[in-house]
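Visitor: I should like to learn how to read the features of a protein model. Could you guide me through one?

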Amino acid sequence: MIKIFQEEDKSLISKEYSFDDEIELESGSWIHIDDPTVDVLNKISKLTGISNTFLLSALDEEESARIDSDDGDTLIVLDTPYIELDTGHFSTAPFIIAYNRSYYVTIQRHNFEIVSELFKRVKIVEPHKHVRLTLNLVYRLATLFIIYLKKINQKTENLENSLRSSTKNKELL
């Protein structure tokens, strides 16, 4: 799924596209992509002029957090937490922010709540203000990490309590 956010008359308009649709972009747009393919990223690269190499880094699950820039394009790779559905284990995956003067692109393959959380908490989202939008996204990711750490802490406490009670039961025998 591709979502395009554009400012019109001081409000943010959202348009959704499937991967096969023709996409119309205006300068200052924010393009958000969930679980993309190589073809989709190539298409977005051609439309925005953002380095294909930067966008394709979203497909590498082992991509580590970093910041890079080249020829006016900026890439920010962040780790975002998620729970693996099949095992229930906690893990992280890259969340990509790439932008140039005209376009802002975010890409994620897991944990699709980041953007929706941003819109719940931030009153005014302005895609043309790249640094402000990036800081808001980083803040949302930090908040998610805290939520996941609390869940891990609760699971740890439950396991510790379970071990304590099983040890006491063995001592009674």
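Guide: The dialogue below takes up the core, a helix, some single residues and a cavity in turn. Please bear in mind that this model is predicted.

Visitor: Let us begin with the interior. How many residues does the largest nonpolar core have, and which of them have the most contacts inside it?

Guide: The general idea comes first. In soluble globular proteins, nonpolar side chains tend to be buried together. In this structure the largest nonpolar core has 21 residues. Those with the most contacts inside it are Ile2, Ile31, Ile33, Ile44, Leu55, Val105 and Ile107. The elements that each give two or more residues to this core include strand 1 (2-8), strand 3 (29-34), strand 5 (73-83), strand 6 (90-99) and strand 7 (103-108). Helix 1 (38-48) and helix 2 (52-56) also belong to that list.

Visitor: With which residues is Val105 in contact, leaving aside its neighbours within four places in sequence?

Guide: Val105 is in contact with Ile31, Ile33, Ile44, Thr48, Ile50, Leu55, Ile96, Ile97 and Ala98. There is also a second, separate core of 18 residues, which includes Ile76, Leu133, Leu137 and Leu141.

Visitor: How should I read a helix? Which residues of helix 1 are buried?

Guide: One looks at which residues are buried and where they point around the axis. In helix 1 the buried residues are Val40, Leu41, Ile44, Ser45 and Thr48. Viewed down the axis of helix 1, these residues fall within an arc of 140°, so they line one face of the helix. The face turned away from the buried side carries the exposed residues Asp39 and Lys46.

Visitor: What covers the buried residues of helix 1?

Guide: The cover includes strand 1, strand 3, helix 2 and strand 7. Another residue of helix 1 is Asn42, which counts as partly exposed because its relative accessibility is 23%. Asn42 touches Asn52 and Leu56, not counting residues up to four places away in sequence. By contrast, the C-alpha atoms of Asn42 and Glu8 are separated by 27 Å, the two residues being 34 residues apart along the chain.

Visitor: Which residues are buried in helix 3?

Guide: In helix 3 (residues 114-121), the buried residues are Ile114, Val115, Glu117 and Leu118. They lie on the same side of helix 3, because they cover an arc of only 160° around the axis.

Visitor: Is Arg140 buried or exposed?

Guide: Arg140 counts as buried, because its relative accessibility is 9% and the cut-off for buried is under 20%. Arg140 is found in helix 4 (residues 130-172). Leaving aside neighbours within four places in sequence, Arg140 is in contact with Ile114, Glu117, Leu118 and Arg121.

Visitor: I should now like to understand the backbone angle phi. Which sign do most residues other than glycine have?

Guide: Most residues other than glycine have a negative phi. Here Asp35 has a positive phi of about 45°, although it is not a glycine. Asp35 is placed in the loop between strand 3 and helix 1, and counts as partly exposed because its relative accessibility is 38%. Asp71 likewise is not a glycine and has a positive phi of about 50°. Asp71 is found in the loop between strand 4 and strand 5. With a relative accessible area of 75%, Asp71 is exposed. A glycine may be added to these cases: Gly49, just after helix 1, takes a positive phi of about 80°.

Visitor: Where is Ala65 placed, and which residues does Ala65 touch, not counting residues up to four places away in sequence?

Guide: Ala65 lies in the loop between helix 2 and strand 4 (66-70). Ala65 touches Val77, Leu78 and Asp79. Its relative accessibility is 47%, so Ala65 counts as partly exposed. The C-alpha atoms of Ala65 and Ile107 are separated by 14 Å.

Visitor: Finally, how much space lies in the largest cavity, and which residues line it?

Guide: To read a cavity, one asks about its volume and then its lining. The count comes to one cavity of 30 Å³ or more. About 50 Å³ of space lies in the largest cavity. The lining consists of Val122, Ile124, Val125, Glu126, Lys129, Arg132, Leu133 and Asn136. These lining residues divide into four nonpolar, one polar and three charged.

Conventions: Residues numbered from 1 in each chain as written. Predicted model: local features only at pLDDT ≥ 70, side-chain atom pairs only at ≥ 80, totals over all residues. Heavy atoms only, no water. Core = buried A, V, L, I, M, F, W, Y, C linked by side-chain atoms within 4.5 Å. Buried < 20%, exposed > 50% of the residue type's maximum accessible area, 1.4 Å probe, protein only. Helix = DSSP H or I, 4+ residues; strand = E, 2+ residues; numbered from the N terminus. Contact = heavy atoms within 4.5 Å. 1 Å grid on protein atoms, 1.4 Å probe; cavity = no way out; pocket = protein on both sides within 12 Å on 5 of 7 lines; lining within 4 Å. Points joined across faces, edges and corners; volume = space filled by probe spheres on them. Nonpolar A, V, L, I, M, F, W, Y, C, P; charged D, E, K, R; others polar. Arc of directions from axis to C-beta.
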